[in-house]
Amino acid sequence: MSIQEAHNWLNSADAIAVLTGAGMSADSGIPTFRDAGGLWKQFRPEDLATPAAFARHPELVWEWYHWRRELIAHAKPHAGHLALVELQRRAPGFTLITQNVDGLHQASGSGSVLEVHGSIWKLRCTQCFRSWSDRTVPAQGIPRCLCGGLARPGVVWFGESLPPAVWRDAENAAEDCDVLLVVGTSGSVYPAAGLVAMAKSAGARTIEVNTEGTVLSPLMDCSLQGSSGEILPLLLR
Ligand code: APR
């Protein structure tokens, strides 16, 4: 399968769905989770990205999220992000689903991004459940809600369910699309990774962009090996 054929599929599609993972942000300098230098190599997910971890050590979890926010605050969208904005402009139907919480798709101009794992720029009160945006960087300590409750990052932790309305829209997009473009995800985490099989069984053509093969590769009609910043612009030509 060539880039040209993948380009033709995208060009003739009525409805395109895109699913991105940490490999989309890697070209903006943000470490992925499971690559060699990935985030989960330095920390164990169970120690930081679970409700139990937060209940046990809120200050440690916040220290990690403050560090990630600081890192992300300096990251800029790359040519691959801009290629997806252009693809959205061209396509009659387009839905961008991301597992990333960094907001880089919105920063590059993508509209109505489905953030199935939430946003690192959102906080939620653990008492009154109010949620708000917060972009203070650098920040210290544990943010608090106006009600005095402890605030937590507005992201989805292991063992938590995805935001229902966002997830429903993501499932609908996977079922309705003609082409699903999957960029920079290892396919390790469900239910997000399940969108690929969902799209495929609904008759969509599936294209993968990744620097290496993944568990999802056997489901792909076309696997393009390379970085998101390099391959995505080529898909527009
Ligand atoms: N371009 C494209 N793909 C890349 C690049 C790049 N420059 N660099 C790395 N990759 C690929 C890797 O080969 C890998 O398949 O990106 C993928 C990153 O995989 P993960 O680190 O597992 O990230 P992701 O798939 O997004 O993780 C899913 O796991 O920890 C949870 O909630 C977290 O949303 C995250 C979810």
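These notebook entries record what I looked up about the ligand site and some backbone features.

**Basis.** I am working from a predicted model, in which local features need pLDDT of at least 70 and side-chain atom pairs count only at pLDDT 80 or more, while totals for chains, interfaces and linings use all residues. Residues are numbered from 1 along each chain as its sequence is written, and side-chain values use heavy atoms, with hydrogens and water left out.

**Shell around the ligand.** I looked up the residues near the ligand (a heavy atom within 4 Å of it) and found 25, of which Asp27, Arg34, Thr185, Ser186 and Asn210 come nearest. By class I noted six nonpolar, 15 polar and four charged residues, where Ala, Val, Leu, Ile, Met, Phe, Trp, Tyr, Cys and Pro count as nonpolar, Asp, Glu, Lys and Arg as charged, and the others, Gly among them, as polar. Helix α2 (residues 22-26) gives the largest share of this shell, three residues; helices here are DSSP runs of H or I with at least four residues, and strands are runs of E with at least two, numbered from the N terminus.

**Domains.** I noted that the ligand lies between two domains, because domain 1 (3-30 + 76-117 + 161-235) and domain 2 (31-74 + 120-155) both give residues to its shell. The bounds come from an automatic or database domain assignment.

**Polar contacts.** I looked for pairs of N or O atoms within 3.5 Å. A polar side-chain atom of Ser186 is 2.6 Å from a ligand oxygen atom, one of His117 is 2.9 Å from a ligand oxygen atom, and a polar backbone atom of Gln99 is 3.2 Å from a ligand oxygen atom. The protein covers 93% of the 730 Å² of accessible area that the ligand has on its own, by the Shrake-Rupley method with a 1.4 Å probe.

**Backbone.** I then turned to the peptide bonds and found a cis bond joining Val137 and Pro138, with omega about -5°; Pro138 lies in the loop between β5 (131-133) and β6 (151-155). The bond from Tyr190 to Pro191 is also cis, with omega near 10°, and Pro191 is placed in the loop between β7 (179-183) and α10 (194-201). Finally, I noted that Ser112, although not a glycine, has a positive phi of about 40°, and that Ser112 is in the loop between α8 (104-108) and β3 (113-115).

Note on methods. A polar contact is a pair of N or O atoms within 3.5 Å; within protein, one must be able to donate a hydrogen and the other to accept it, and residues adjacent in sequence count only if both atoms are side-chain atoms.
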